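Grab your viewer and work through these exercises at your own pace. Each one gives a task, followed by a solution in steps.

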Amino acid sequence: MKKLIATLLTGGLFFLTACGNDLPEDELVGNGQAFEMQKISDDLQASSFPFQDKEKFITLTQLKDSVKELMGDQYWPEIDLTKEELEQKTGITEDMYVDFLAEKQVMDAHIDTMIIIHAKEAEVGAIEEALERYRESIIEENRSHPQNLCKAQASRMETIENYVCFVQLGADTTLVADKGEDEIIAYCQEENERALYVLEKGILE
């Protein structure tokens, strides 16, 4: 009985293969679409797509918290910018990104800032240009404030996949103030590099 069933199945597969080209065109298209849809479904279920795996997906708040944990008391940004304030300061509009996080100090006279933009893929370049213009404006605004100027000159922007990160950190520069501008800039650059390292690690892992 088993041999008979196997023979019938084999014969049926041969018949379908041999006669497949004789099927009406709309049936061929329908069968092909059904096969492709099933294949896509199987591939998605088998994948480890980061947005489906909650253990691997990291939020912008988690990225910020990882920087705060690293820098401790030397992380000074403390209030969030609204989307309106972000647009006012940088020119980055809501239609350019998926999500954003931006923190600055309470007093405008202090300039420690961190901005993370999860950009829409087509807007990455435009956001980079906007943040570079923002950086240049801060440098110009602080020409007469040496310590702030050093922080602005040491600021960094880095794109990690579709995340555009701007870090202008350094906190208490009085620790190196008596060593001159070059030392202040170097100190702030080191703090920014530490922050970017943590952001890159969080985004890519």
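**Exercise 1. Find where Ile79 sits, decide whether Ile79 is buried, partly exposed or exposed, and name the nonpolar surface patch it helps make.**

Keep in mind that this is a predicted model.

- Step 1: Look for Ile79 in strand 1, which covers residues 79–80.
- Step 2: Check the accessibility. Ile79 comes out at 33% relative accessibility, so Ile79 counts as partly exposed; the class runs between the buried limit of under 20% and the exposed limit of over 50%.
- Step 3: Add the partners. Ile79, Val106 and Met107 make a nonpolar surface patch of about 270 Å².

**Exercise 2. Sort out the overall make-up of the chain: how many helices and strands, and in what order?**

- Step 1: Count the elements. There are seven helices and five strands.
- Step 2: Read them off from the N terminus: α-α-α-β-α-β-β-α-α-β-β-α.
- Step 3: Ask how much is tucked away. Of the 205 residues in the chain, 34% are buried.
- Step 4: Look at the contacts. Among those with a separation of 6 or more, 62% are between residues 24 or more positions apart.
- Step 5: Finish with the surface. The accessible surface is about 13,000 Å², and carbon and sulfur atoms hold 54% of that.

**Exercise 3. Work out which residues touch Leu81, and whether Leu81 is buried or exposed.**

- Step 1: Place Leu81 in the loop between strand 1 and helix 4.
- Step 2: Use the number. Leu81 has 7% relative accessibility, so it counts as buried.
- Step 3: List the touching residues, skipping those up to four places away in sequence: Leu86, Lys89, Phe100, Ala102 and Lys104.
- Step 4: Compare sequence with space. Leu81 and Glu103 are 22 residues apart along the chain, yet their C-alpha atoms are 5.9 Å apart.

**Exercise 4. Check whether the length of helix 5 agrees or disagrees with what its residue count predicts, then see what covers its buried side chains.**

- Step 1: Do the length check. Helix 5 has 18 residues (124–141), and at 1.5 Å a residue these should span 26 Å. The expected span counts one less than the number of residues.
- Step 2: Compare. The end C-alpha atoms of helix 5 are 26 Å apart, so the two agree.
- Step 3: Pick out the buried residues of helix 5: Val124, Ile127, Ala130, Leu131, Tyr134, Arg135, Ile138 and Ile139.
- Step 4: Find the cover. It includes helix 4 (83–90), strand 3 (113–119), helix 6 (146–154), strand 4 (156–160) and strand 5 (163–168).

**Exercise 5. Take two buried residues of helix 5, Arg135 and Ile139, and trace what each one touches.**

- Step 1: Start with Arg135. Its relative accessible area is 17%, so it is buried.
- Step 2: Follow its side chain, which makes a polar contact with the side chain of Ser155 at 2.8 Å.
- Step 3: Leave aside neighbours within four places in sequence, and Arg135 is in contact with Ala152, Gln153, Ser155 and Phe166.
- Step 4: Move on to Ile139, which counts as buried because its relative accessibility is 10%.
- Step 5: Not counting residues up to four places away, Ile139 touches Leu149, Ala152 and Gln153.
- Step 6: Try one distance. Ile139 and Lys151 are twelve residues apart in sequence, and 8.7 Å apart in space from C-alpha to C-alpha.

**Exercise 6. How many salt bridges does the structure hold? Then examine Glu103 with Lys64, and Arg156 with Glu193.**

- Step 1: Count them: nine salt bridges.
- Step 2: Take Glu103 and Lys64, whose closest N and O atoms are 3.2 Å apart. This pair links distant parts of the chain, with Glu103 in strand 2 (residues 97–104) and Lys64 in helix 3 (residues 60–71), 39 residues apart.
- Step 3: Classify both ends. Glu103 counts as buried at 4% relative accessibility, and Lys64 is buried at 11%.
- Step 4: Turn to Arg156 and Glu193, whose side chains meet in a salt bridge at 2.1 Å, N to O. This pair also links distant parts of the chain: Arg156 is in strand 4 and Glu193 in helix 7 (residues 181–204), 37 residues apart.
- Step 5: Widen the view. Salt bridges that share partners join Arg156, Glu158 and Glu193 into one network.
- Step 6: Classify this pair. Arg156 counts as partly exposed at 25% relative accessibility, and Glu193 is partly exposed at 38%.

Methods. Residues are numbered from 1 along each chain as its sequence is written. This is a predicted model: local features need pLDDT of at least 70, side-chain atom pairs count only at pLDDT 80 or more; totals for chains, interfaces and linings use all residues. Side-chain values use heavy atoms; hydrogens and water are left out. Helices (H or I, at least four residues) and strands (E, at least two) are DSSP runs, numbered from the N terminus. Buried means under 20% relative accessible area, exposed over 50%, partly exposed in between (1.4 Å probe, protein chains only). Contact means heavy atoms within 4.5 Å. Patches are made of residues with over 30% relative accessible area and no salt bridge: like charges are joined within 9 Å, nonpolar side chains (Val, Leu, Ile, Met, Phe, Trp, Tyr) within 5 Å. Accessible areas come from the Shrake-Rupley method with a 1.4 Å probe; for residues, only the protein chains shown count as cover. A salt bridge is a side-chain nitrogen of Lys or Arg within 4 Å of a carboxyl oxygen of Asp or Glu. A polar contact is a pair of N or O atoms within 3.5 Å; within protein, one must be able to donate a hydrogen and the other to accept it, and residues adjacent in sequence count only if both atoms are side-chain atoms.
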